[in-house]
Amino acid sequence: MLKSMTGYGQAVFEDDQYRVQVEVKTLNAKQAEVTLRCPSVFTAQEIPWRNLAISHLVRGKMLLAIDYEPRQAATPPISIDQALFKTYYKTLQTLANEVGAPTTALFPLAWNAPAVLQRADAALPTEEDIHRIELTVRAALQQCDQVRSQEGIVLARHIDTYLQHIKQGLTCIEKIAPISREAIKDKLIAKVMALQDVQPVDKNRLAQELLYYTERLGITEEVVRLAQHLSYFEETMQRNQPVGKKLSFIAQEMGREINTIGAKAQDAAIQKQVVLMKDELEKIKEQLQNIL
């Protein structure tokens, strides 16, 4: 079944240590293009997670955003370098005594000196944490894939409608073509016979030339090939794998046959059906740009 390349997925995991939220957004693209946004603590996981996104979603422009928030303790962890504080304080006290300055404000000066008071680093994610986050990433990707499948059903309905319109046009052409061919033949015979008084007509030669000319105008082969392409297109749509590119190739072949029918047929009714079929085929091609 068809899948759209447009989709969205989200998954959240949280416990008493951290909260992680994963969002996946996808758009149509000819190849797989992955943009990953995540905290620097997960740098080592960037390539595996990019590959994971491609394995799930295959093709398209993908934005994978991972928001990681460690839980904050009730009392923020801090680190005090007591030796450095004492060094600052004694140095400032010595300088104050030498110049006769007051020493009442030395404590806050030493306390706020560089590197005396530092916030303790948050604990880095463990292997178990990374595993849980990866499961959350997988859940978001699966949800995005499900959305793509649902949108693919809608796209398939539209495309099938356009295909039926092309089939209807082809059926009309099949009915019109023999009548048109005989009308052209009769018209040519009438014109040639009108010249018989000026130049005698060899009826055998005339029959041969008419046969050759009407064969050149014949569209039977193109009609048969177009019908085969339509059948193959419908068959390909039912496959449970990415078929967007293949359907685009089949649509190109359908376009060639429709154009050839339009070029060869010298009949206004057939030309009208050709225009209608071209319009429906363009609608199909537009939809195929978003098919996986």
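Contact here means that heavy atoms lie within 4.5 Å of each other. With that in hand, here are some exercises on this predicted model.

**Exercise 1. The pairing of α6 and α7**

Describe how helix α6 and helix α7 pack, and list the residues that meet.

*Solution.*
- Step 1. Begin with the general recipe: two packed helices are described by the angle between their axes and the distance between the axes.
- Step 2. Helix α6 covers residues 220-237 and helix α7 covers residues 244-264; their axes are 9 Å apart and make an angle of about 160 degrees.
- Step 3. Angles over 145 degrees count as roughly antiparallel, so α6 is roughly antiparallel to α7.
- Step 4. As for handedness, the crossing of α6 past α7 is left-handed.
- Step 5. Now the residues: α6 brings E222, V223, R225, L226, H229, L230, Y232, F233, T236 and M237. From α7 come K246, L247, I250, A251, E253, M254, E257, I258, T260, I261 and K264.
- Step 6. Sorted by class, the contact of α6 with α7 holds 12 nonpolar, 6 charged and 3 polar residues.

**Exercise 2. A salt bridge between two helices**

Find out which parts of the chain the E257 and R225 pair ties together, and classify both residues by accessibility.

*Solution.*
- Step 1. Recall the general idea that side chains of opposite charge can pair when their charged atoms come close.
- Step 2. E257 and R225 form a salt bridge, with 3.0 Å between the closest N and O atoms.
- Step 3. R225 belongs to helix α6 and E257 to helix α7, so this pair ties together parts that are 32 residues apart in sequence.
- Step 4. E257 has a relative accessible area of 9%, and buried means under 20%, so E257 is buried.
- Step 5. R225, with a relative accessible area of 31%, is partly exposed.
- Step 6. The pair also has company: E221, E222, R225, E257 and K264 are linked in a network of salt bridges.

**Exercise 3. Two more salt bridges**

How many salt bridges does the structure hold, and what is the accessibility of E134, R138, E235 and R239?

*Solution.*
- Step 1. The count is 15 salt bridges in the structure.
- Step 2. One of them joins E134 to R138, where the closest N and O atoms are 3.5 Å apart.
- Step 3. Both E134 and R138 sit in helix α4 (residues 127-194), at a spacing of 4 residues, about one turn of the helix.
- Step 4. E134 is partly exposed at 22% relative accessible area, and R138 is partly exposed at 31%.
- Step 5. Another salt bridge brings together the side chains of E235 and R239, at 3.6 Å from N to O.
- Step 6. E235 has a relative accessible area of 46% and is partly exposed; R239 is partly exposed too, at 24%.

**Exercise 4. Buried or exposed?**

Assign E280 and K90 to their helices, and decide whether each is buried or exposed.

*Solution.*
- Step 1. E280 is part of helix α8 (residues 268-288).
- Step 2. With a relative accessible area of 9%, E280 is buried.
- Step 3. Setting aside neighbours within four places in sequence, E280 is in contact with Y162, H165 and I166.
- Step 4. K90 is part of helix α2 (residues 82-99).
- Step 5. The relative accessibility of K90 is 53%, and exposed means over 50%, so K90 counts as exposed.
- Step 6. For a distance to try in your viewer, the C-alpha atoms of K90 and A110 are separated by 9.0 Å, with these positions 20 residues apart along the chain counted as their spacing.

Notes:
Residues numbered from 1 in each chain as written. Predicted model: local features only at pLDDT ≥ 70, side-chain atom pairs only at ≥ 80, totals over all residues. Heavy atoms only, no water. Buried < 20%, exposed > 50% of the residue type's maximum accessible area, 1.4 Å probe, protein only. Axes fitted to C-alpha atoms, helices over the stretch in contact; angles between N-to-C directions. Parallel < 35°, antiparallel > 145°, perpendicular 65-115°, else oblique. Left-handed = near helix turned anticlockwise from the far one by under 90°. Nonpolar A, V, L, I, M, F, W, Y, C, P; charged D, E, K, R; others polar. Salt bridge = Lys/Arg side-chain N within 4 Å of Asp/Glu carboxyl O.
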